[in-house]
Amino acid sequence: MSFDEEWAQLVAKAGQERSAQTRLNRLDGGGGGGGGGQGGLTVQQDDLGLIGRAAHGLHTGLKAGGRHSVSASRSAGTQLSGDNFTSGAALSQVAETWERQVGTLLEACAHISNHLDFSSRSYGAEEERIETGMRNLRGQLMNPSRISDYYR
(Lines give C-alpha, C1' and ligand atoms only; values in the text may rest on other atoms or scores of the structure.)
Protein backbone atom coordinates (compact mmCIF):
# COMPACT_ATOMS: atom_id res chain seq x y z
CA MET A 1 0.00 0.00 0.00
CA SER A 2 1.42 3.40 -0.94
CA PHE A 3 1.68 6.32 1.46
CA ASP A 4 -1.05 8.24 -0.38
CA GLU A 5 -3.44 5.29 -0.18
CA GLU A 6 -2.75 4.77 3.51
CA TRP A 7 -3.13 8.52 4.20
CA ALA A 8 -6.45 8.58 2.33
CA GLN A 9 -7.71 5.67 4.45
CA LEU A 10 -6.66 7.39 7.67
CA VAL A 11 -8.31 10.65 6.61
CA ALA A 12 -11.52 8.78 5.77
CA LYS A 13 -11.43 6.98 9.13
CA ALA A 14 -10.84 10.25 10.98
CA GLY A 15 -13.71 11.79 9.04
CA GLN A 16 -16.04 9.03 10.14
CA GLU A 17 -14.95 9.35 13.74
CA ARG A 18 -15.11 13.11 13.91
CA SER A 19 -18.01 13.60 11.44
CA ALA A 20 -17.96 16.60 9.13
CA GLN A 21 -15.74 18.64 11.48
CA THR A 22 -12.50 17.00 10.30
CA ARG A 23 -10.15 19.57 8.83
CA LEU A 24 -7.07 17.82 7.51
CA ASN A 25 -4.74 19.25 4.86
CA ARG A 26 -6.67 22.46 4.26
CA LEU A 27 -7.06 25.92 5.71
CA ASP A 28 -10.20 27.25 7.29
CA GLY A 29 -12.20 29.17 4.68
CA GLY A 30 -12.63 32.12 7.02
CA GLY A 31 -10.25 35.01 7.51
CA GLY A 32 -7.22 34.97 9.74
CA GLY A 33 -4.92 32.15 10.68
CA GLY A 34 -7.58 29.96 12.26
CA GLY A 35 -5.65 29.73 15.53
CA GLY A 36 -8.50 30.60 17.85
CA GLY A 37 -11.48 29.43 15.86
CA GLN A 38 -13.20 26.11 15.70
CA GLY A 39 -10.84 23.45 14.38
CA GLY A 40 -7.72 25.49 15.16
CA LEU A 41 -4.57 23.76 16.36
CA THR A 42 -3.74 24.29 20.02
CA VAL A 43 -0.57 22.96 21.61
CA GLN A 44 0.30 23.20 25.28
CA GLN A 45 3.88 23.63 26.46
CA ASP A 46 3.72 20.22 28.16
CA ASP A 47 2.78 18.64 24.81
CA LEU A 48 5.86 20.15 23.19
CA GLY A 49 8.02 18.71 25.94
CA LEU A 50 6.53 15.24 25.52
CA ILE A 51 7.07 15.28 21.76
CA GLY A 52 10.62 16.56 22.20
CA ARG A 53 11.41 13.84 24.73
CA ALA A 54 9.93 11.19 22.44
CA ALA A 55 12.08 12.44 19.55
CA HIS A 56 15.14 12.40 21.81
CA GLY A 57 14.33 8.85 22.94
CA LEU A 58 13.89 7.73 19.34
CA HIS A 59 17.23 9.36 18.46
CA THR A 60 18.98 7.60 21.34
CA GLY A 61 17.52 4.19 20.48
CA LEU A 62 18.14 4.57 16.76
CA LYS A 63 21.72 5.71 17.32
CA ALA A 64 22.39 2.67 19.50
CA GLY A 65 20.67 0.06 17.35
CA GLY A 66 20.23 1.50 13.89
CA ARG A 67 23.70 0.80 12.57
CA HIS A 68 24.33 -2.58 14.17
CA SER A 69 24.01 -4.48 10.89
CA VAL A 70 26.07 -2.13 8.70
CA SER A 71 29.52 -3.49 9.49
CA ALA A 72 28.38 -7.12 9.24
CA SER A 73 26.62 -6.42 5.93
CA ARG A 74 29.66 -4.64 4.51
CA SER A 75 31.94 -7.47 5.61
CA ALA A 76 29.62 -10.04 4.06
CA GLY A 77 29.36 -7.98 0.87
CA THR A 78 33.14 -7.73 0.59
CA GLN A 79 33.56 -11.44 1.18
CA LEU A 80 30.85 -12.34 -1.36
CA SER A 81 32.40 -10.00 -3.92
CA GLY A 82 35.82 -11.58 -3.27
CA ASP A 83 34.27 -14.99 -3.97
CA ASN A 84 32.89 -13.63 -7.31
CA PHE A 85 29.25 -13.48 -6.20
CA THR A 86 27.39 -10.55 -7.81
CA SER A 87 25.17 -10.29 -4.75
CA GLY A 88 28.19 -9.01 -2.79
CA ALA A 89 28.13 -5.61 -4.49
CA ALA A 90 24.36 -5.41 -4.01
CA LEU A 91 24.68 -6.22 -0.30
CA SER A 92 27.38 -3.55 0.10
CA GLN A 93 25.09 -1.04 -1.64
CA VAL A 94 22.21 -1.97 0.69
CA ALA A 95 24.48 -1.40 3.70
CA GLU A 96 25.50 2.05 2.40
CA THR A 97 21.88 2.99 1.69
CA TRP A 98 20.81 1.78 5.14
CA GLU A 99 23.55 3.82 6.81
CA ARG A 100 22.55 6.99 4.90
CA GLN A 101 18.88 6.52 5.77
CA VAL A 102 19.61 5.93 9.46
CA GLY A 103 21.75 9.08 9.42
CA THR A 104 18.89 11.04 7.87
CA LEU A 105 16.46 9.76 10.51
CA LEU A 106 18.93 10.62 13.28
CA GLU A 107 19.24 14.16 11.92
CA ALA A 108 15.45 14.51 11.71
CA CYS A 109 14.95 13.29 15.29
CA ALA A 110 17.67 15.60 16.57
CA HIS A 111 16.18 18.53 14.65
CA ILE A 112 12.69 17.89 16.05
CA SER A 113 13.98 17.45 19.60
CA ASN A 114 16.21 20.54 19.45
CA HIS A 115 13.51 22.68 17.84
CA LEU A 116 10.88 21.72 20.40
CA ASP A 117 13.35 22.29 23.25
CA PHE A 118 14.07 25.72 21.82
CA SER A 119 10.36 26.46 21.32
CA SER A 120 9.56 25.39 24.86
CA ARG A 121 12.35 27.54 26.37
CA SER A 122 11.42 30.46 24.13
CA TYR A 123 7.74 30.20 25.05
CA GLY A 124 8.61 30.02 28.75
CA ALA A 125 10.88 33.06 28.54
CA GLU A 126 8.25 35.04 26.65
CA GLU A 127 5.55 34.05 29.13
CA GLU A 128 7.77 35.10 32.03
CA ARG A 129 8.54 38.43 30.35
CA ILE A 130 4.84 39.12 29.85
CA GLU A 131 3.92 38.07 33.40
CA THR A 132 6.62 40.17 35.02
CA GLY A 133 5.86 43.18 32.85
CA MET A 134 2.09 43.34 33.35
CA ARG A 135 0.84 44.57 36.71
CA ASN A 136 -2.59 45.74 37.78
CA LEU A 137 -3.33 48.99 39.61
CA ARG A 138 -2.41 47.46 42.98
CA GLY A 139 1.02 46.42 41.65
CA GLN A 140 0.18 42.72 41.51
CA LEU A 141 1.31 40.59 38.58
CA MET A 142 -1.44 40.04 36.04
CA ASN A 143 -2.11 36.89 34.13
CA PRO A 144 -1.92 37.84 30.40
CA SER A 145 -5.42 36.48 29.79
CA ARG A 146 -6.80 39.19 32.13
CA ILE A 147 -5.42 42.03 30.00
CA SER A 148 -8.48 42.05 27.76
CA ASP A 149 -10.64 42.86 30.83
CA TYR A 150 -8.92 46.24 31.05
CA TYR A 151 -9.26 47.20 27.37
CA ARG A 152 -12.98 47.32 26.61
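**Figure 1. Trp7 and its ring partner in helix H1**. Start with Trp7, which is partly exposed in this predicted model, with a relative accessible area of 35%. The structure holds one aromatic pair. That pair is Phe3 with Trp7, and the two rings are stacked, with 6.3 Å from centre to centre and 15° between the planes. Both residues sit in helix H1, which covers residues 3-18. They are four residues apart, or about one turn of the helix. Phe3 counts as exposed, because its relative accessibility of 60% is over the 50% cut-off.

**Figure 2. A nonpolar patch on the surface**. Here Phe3 and Trp7 turn up again, now with Leu10 for company: the three make a nonpolar surface patch of about 340 Å². Leu10 is found in helix H1 too, just as Phe3 and Trp7 are. How accessible is Leu10? Its relative accessibility is 47%, so Leu10 counts as partly exposed.

**Figure 3. The salt bridge between Glu99 and Arg74**. If you're hunting for salt bridges, the structure holds one. It joins Glu99 to Arg74, and the closest N and O atoms are 2.6 Å apart. The pair links distant parts of the chain, with the two positions 25 residues apart: Glu99 belongs to helix H4 (residues 87-133), while Arg74 belongs to helix H3. Are the two partners buried or exposed? Neither label fits: Glu99 is partly exposed at 27% relative accessibility, and Arg74 is partly exposed as well, at 34%.

**Figure 4. Asn84, in the loop between H3 and H4**. Zoom in on the loop that runs between H3 and H4 and you'll find Asn84. Its phi is near 65°, a positive value in a residue other than glycine. Asn84 counts as exposed, because its relative accessibility is 70% and the cut-off is over 50%.

**Figure 5. Where the prediction is sure of itself, and where it isn't**. Across the protein, pLDDT averages 75, and 68% of the residues score at least 70. Which helix comes out with the highest confidence? That's helix H3 (residues 70-82), with a mean of 91. At the other end is helix H5 (residues 147-150), where confidence is lowest, at a mean of 64. Take some care with two other stretches. Over residues 19-27, pLDDT stays under 50, and the model has nine contacts there beyond four places in sequence. Over residues 30-37, pLDDT also stays under 50, and the model has three such contacts.

**Figure 6. Stepping back to the whole protein**. With the close-ups done, here's the wider setting. The protein has five helices and zero strands, so you can read its pattern along the sequence as α-α-α-α-α. How many of the residues are buried? Of the 152 residues, 17% count as buried. The accessible surface comes to about 11800 Å², and carbon and sulfur atoms make up 55% of that surface. As for contacts with a separation of 6 or more, 42% are between residues 24 or more positions apart.

Definitions and conventions: Residues are numbered from 1 along each chain as its sequence is written. This is a predicted model: local features need pLDDT of at least 70, side-chain atom pairs count only at pLDDT 80 or more; totals for chains, interfaces and linings use all residues. Side-chain values use heavy atoms; hydrogens and water are left out. pLDDT is the predictor's confidence in each residue, from 0 to 100. Contact means heavy atoms within 4.5 Å. A salt bridge is a side-chain nitrogen of Lys or Arg within 4 Å of a carboxyl oxygen of Asp or Glu. Buried means under 20% relative accessible area, exposed over 50%, partly exposed in between (1.4 Å probe, protein chains only). Rings of Phe, Tyr and Trp (its six-membered ring) pair if their centres lie within 6.5 Å; planes under 30 degrees apart count as stacked, over 60 as edge-to-face and the rest as tilted. Patches are made of residues with over 30% relative accessible area and no salt bridge: like charges are joined within 9 Å, nonpolar side chains (Val, Leu, Ile, Met, Phe, Trp, Tyr) within 5 Å. Accessible areas come from the Shrake-Rupley method with a 1.4 Å probe; for residues, only the protein chains shown count as cover.
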